Amino acid sequence: MSQNALFSPRADSIPSLLQLFSNMTSALALHEIIRDSEGKPVDYRFLDVNSAFELLIGLPREKLVGQRASDVLPAFDSDWRDRLTELAQTEFSRQDEFFFTFKGCWLAVNTYKTGANHFATMFQDISDRKKAEQHATRLTNMYRALSQTNDAIVRMENENQLFPLACRIAVDFGGMSMAWIGIPDLTHTAIVPAASYGKASAFLDGMVILLTPDEPRGQGPTALTFREGLPIVLSDFCENPMTAPWHDRGKRHGFHSSATFPLMRHGAPYAVFTVYSDQPSAFDDESVALLSEIASNLGFAMDNFDRETARRSGEISLRESEARLRLVADESPFPMMVYAEDGEIVQVNRAWFVMTQYTPLDVPTMQIWAEMACPGALRSSDKNNAAPYAVRERFDGGEQAVRCKDGFVRIWHFVTSPLGKLPDGRQYAVSMATDITESKKAEEDLRLAATVFEANYSGILITDAEGTILSVNPAFTTITGYPESEAVGQTPRLLKSGRQDADFYKTLWDTLLSTGRWQGEIWNKRKNGDAYLAWLSISAVRDNDGAPINYIAIAEDITENRANKNQIEFLAYYDSVTRLPNRQLSRERLTRAIAHAKRTDTKIALIYLDLDNFRVINDTLGHELGDALLCAFANRLSSSVRETDTVSRQGGDEFLVMLTDLYDLNAVSTVAINILEQASKPFTVDAHELGISASVGISVYPNDGNDIDTLLKSADMAMYNAKDSGRNTFRFYGEEMNASIKDHLRIRGDMTRAIERGEFILHYQPQIDLVTGELCGAEALIRWEHPELGMVRPDRFIQVAEQSGLIIPLGAWVIREACRQAMAWQRAGLPPFVVAVNISALQFRRGDLVQTVSDALSETGLIPELLELELTESLLLQDLDRSLDIVDQFKTLGVKMSIDDFGTGYSSLAYLQRLSLEKLKIDQSFIRDVPHKKSSAAIVMAIISLAQTLDKTVIAEGVETAEQLAFLRTHLCNEAQGYFFSRPLPPDEFATFMKNWKPAPLIKTPPDFAVQAAPH
């Protein structure tokens, strides 16, 4: 009957077929294929189902018939799509087996066509057969796994090799999804994986299994198996409460059942063997038994590993012990010899060979050893004794000289002990020696050292680590006067003279503690109070850790030697009459001075002078009086120059003065004039009043020469030129210098009369407030209207005034005149303003400046607040404490103080904080290059910032351009003066300037600033 006959039955058979269809034990369903617009099968619907199918699916017939499968059974849609396509395109039926997850059973499915668009499906439950097949497969796999495990146990040497292989066998041969072995961690608080295998090994990533049972992660099967030593089987891993913390992990990896087995080591749980299956209830009794046997065999293997390890360890320990004994003997620093009772030398160790170079081949018997190395020492007294070298008990052989193979003699101390019997029955012994050669030598050295200590001519002192004197030698008593009984127990402070300060002793101890040694000269004091100079050497004696335990000091009295040495050195470099440096020392100093001048770009002046008519005095009154006159002149000459200059006697009545670090040669003529004045003053020597003069010649480095001989020759020629010019005068080497001298002398002479004649006048340069634009002050600047030379520049006469001392009366006149003019302007109706006056260094140091200023203010009536004194940085720093005192006096008086040329000297916050000054004046050398030169701009900005920080006013001098003014405005400079506003003006023109000046705010952001040009 064809397949289509099922749907075209005879009429009389229909009831029977329907009854058969309904009562079939196999589930049967009839379907119709549903196609899309292109004729492709896309789904099917139920035409009819029997009662068995209703039971299988769990849905009544009326909910199935006429419905699409994708609507009623959506889970089947994808499973059946490929089969539907095949049925639609072929006449063949097909049979499949699959696990019906929905019902949890295995089904055999027969599908066949009943028409072009119809097919039928018959289902049969084959779960029992499948279970039987799977059971058989599992048992087979378990036996294979057991066999493989036992084979691995035989081949493996430790659990590190066995555990990974056991997990692999459980998966590859036992059919498990995953297997792992866990052991306790180092703290014994958790189980951690030791080995794992399987495609689901990621199950273990980050998993925490605790050994404590008081929380869920410690209540799982793995932890419980380890604690109780029993296997645990779970048929529903993802549903069992014990595995609740790991249900999500198990579901992700498809685990359905698990089993855990303890791995016992020496009768106690050592690890846990855990396996997982993707089948539910995968572990029946037989599987569990086989897995238990595998776990037991793994435990047996670990016990066997331990036994084998212990056996091997014992063998190794025995061999190592024997090797250690041999090594100890061979590497012992003490020479050792083993010999038999008949005298045969059995063995010598390395130390014996190294020290003596003898081997058993050189000395095979004790008789030969005794003859070659120790004649008579070890030779038996009874030559007839059969065993002359038998040793029955330990004995001390004492000291013995041993002659080595190279002839060197060592001193050994021998000790011999019996060792028992050799395999051939002979008694044998070991003789061990201690080399005391060095200690014997040390004893001798110590005896010799004691002799040296007692007999040494240098004083020796030994202290402990705290500096307490422990011992002194006789020479110490001879030098210091202190006997040993008075010195021991004291400290070296007993000898302190007081001539060295605390810094000296601090340096001494710092050096001694850091290096262990110190040596140098020191002044000590004898018991009778006399001071003596000693050359002292101190050494530290340290222990093994490097800590000092003793100090040894050796001192030699060098007082007399030093005196002799000083006298020799003095005679070599100094003149014995005048005690000035001699020709040799002056040349050495000149050599150094030339090198210094080259580096610093400075000049040197040599003043060579010869006393006029000295020979007459020497020949007439005698050499003793002549020498006294030379000494008196030398004293005057030394007081006429700086301490840094050199005055020397070249021989006879010739002297040389060397002036160094010169920038301005005008100072040289001042020194020369002073020397001539000092020489021309009368000398009183031994009741004789003597008058002399000098002729002076001057040469200058590098103008007149670059070496010593050329400079000396030039100065000598200039000196003879002075003699030829009538004596009692000086000459420079070169006419241009002489012209400069004449000009210097003329300026100096005319200046004295100029003060009396009123030839000096003051000009005033305006100072402008850059915030308000108002005129806030004026600087008084001196000018000289010479009747013949016309207007003389200040740089031409100010230095002459300072060198000659005329600056003091001239400076006093400037202060009085500035105060007088300020009051005259006020009386004329001009507003009051501050007048600034420059103060010279000589005024500040020598003149009674405070009294001069106070008198000027009183005479003129000017209030002190309107007078400002400008001082230079170098002037203030020459004697800072005195400067502070003078500044404080002016502050009390009410006079303002400012620093002129700020930035060109030693600009320091330290002195600015100490000096109560109101204003800083930026030197025009910096203003000249702003804003184009970055370094000058940076200095100007820094000075302004510094002044603002210290709350001081800052004024810029030498402002000549609008760009300079704009830069100063932008950076908030307070005041300015310069040719941009006005040149220095005579009093009448200054008054006109003040009347015409129109104040305007100047601190604006360029380019809005409108410059108010001033007449130049």
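Two strands count as paired if DSSP finds at least two bridges between them. The model on screen is predicted, and this tour takes its strands and helices in the order of a walk from one sheet to the next.

**Stop 1: the antiparallel sheet**

Select strand 12 (residues 336-340) and strand 16 (residues 427-435). The two run antiparallel and are joined by 5 bridges. To see the register, pick Y339 and look across to A429 of strand 16, which stands opposite.

Now add strand 15 (residues 409-421). Strand 15 is antiparallel to strand 16, with 9 bridges between them. H413 is a convenient marker here, since its bridge partner in strand 16 is T434. Strands 15 and 16 make a hairpin, and 5 residues lie between them. Within that turn, select G425, where phi is positive at about 95°.

Go back to strand 12 and bring in strand 13. These two are antiparallel as well, held by 3 bridges. V338 has Q347 of strand 13 as its bridge partner.

Which strands does the whole sheet contain, and in what order? It is an open sheet of 5 strands in the order 13-12-16-15-14, with antiparallel pairing. Strand 13 (345-348) and strand 14 (395-403) are its edges, each pairing on one side only. With direction ignored, neighbouring strands in this sheet are turned by 25° against each other on average. When side chains are switched on, keep in mind that in a regular strand they alternate between the two faces of the sheet.

**Stop 2: a loop serine**

Select S281, in the loop between strand 11 (268-277) and helix 9 (285-331). What is the sign of phi at S281? The phi of S281 is positive, about 50°, although the residue is not a glycine. Most residues other than glycine have a negative phi.

**Stop 3: the mixed sheet and its helix**

Move on to strand 22 (residues 603-612) and strand 27 (residues 693-701). They pair in the antiparallel sense over 9 bridges. D610 stands opposite S695 of strand 27.

Extend the selection to the open sheet they belong to: 5 strands in the order 23-24-22-27-28, with mixed pairing. The edge strands, each paired on one side only, are strand 23 (646-651) and strand 28 (730-732). Averaged over neighbouring strands and ignoring direction, the turn between them is 20°.

Next, show helix 21 (residues 708-724). The helix lies across strand 22, strand 24 (654-662), strand 27 and strand 28. Relative to strand 27, helix 21 runs at about 145°.

In the loop between strand 27 and helix 21, stop at P702. The peptide bond from Y701 to P702 is cis, with omega near 5°.

**Stop 4: helices 18 and 19**

Select helix 18 (residues 614-621) and helix 19 (residues 623-639). Their axes come within 6 Å and cross at roughly 140°. The two helices are therefore oblique to each other, as angles over 145 degrees would be needed to count as roughly antiparallel.

To display the contact, pick F614, I617, N618 and L621 in helix 18, then H623, L625, G626, L629 and L630 in helix 19. By class, these residues comprise 6 nonpolar, 3 polar and no charged.

**Stop 5: helix 24**

Select helix 24 (residues 807-827) and place a distance label between its end C-alpha atoms. At 1.5 Å a residue, its 21 residues should span 30 Å, and the end C-alpha atoms are 30 Å apart, which agrees. Just after this helix comes G829, with a positive phi of about 100°.

**Stop 6: helices 26 and 28**

Show helix 26 (residues 849-860) with helix 28 (residues 880-893). Their axes are 10 Å apart and the packing angle is about 15°. Helix 26 and helix 28 are therefore roughly parallel, and helix 26 passes helix 28 in a right-handed crossing.

Which residues make the contact? From helix 26, select L849, V850, V853, S854 and L857; from helix 28, select I886, Q889, F890 and L893. This contact has 7 nonpolar, 2 polar and no charged residues. In an α-helix, residues three or four places apart point the same way.

**Stop 7: a second cis peptide bond**

Finish at P931, in the loop between helix 30 (924-927) and helix 31 (934-949). Is the peptide bond from V930 to P931 cis or trans? The bond is cis, with omega near 0°. Most peptide bonds are trans.

Conventions
Residues numbered from 1 in each chain as written. Predicted model: local features only at pLDDT ≥ 70, side-chain atom pairs only at ≥ 80, totals over all residues. Heavy atoms only, no water. Axes fitted to C-alpha atoms, helices over the stretch in contact; angles between N-to-C directions. Helix = DSSP H or I, 4+ residues; strand = E, 2+ residues; numbered from the N terminus. Parallel < 35°, antiparallel > 145°, perpendicular 65-115°, else oblique. Left-handed = near helix turned anticlockwise from the far one by under 90°. Contact = heavy atoms within 4.5 Å. Nonpolar A, V, L, I, M, F, W, Y, C, P; charged D, E, K, R; others polar. Expected span 1.5 Å × (residues − 1).
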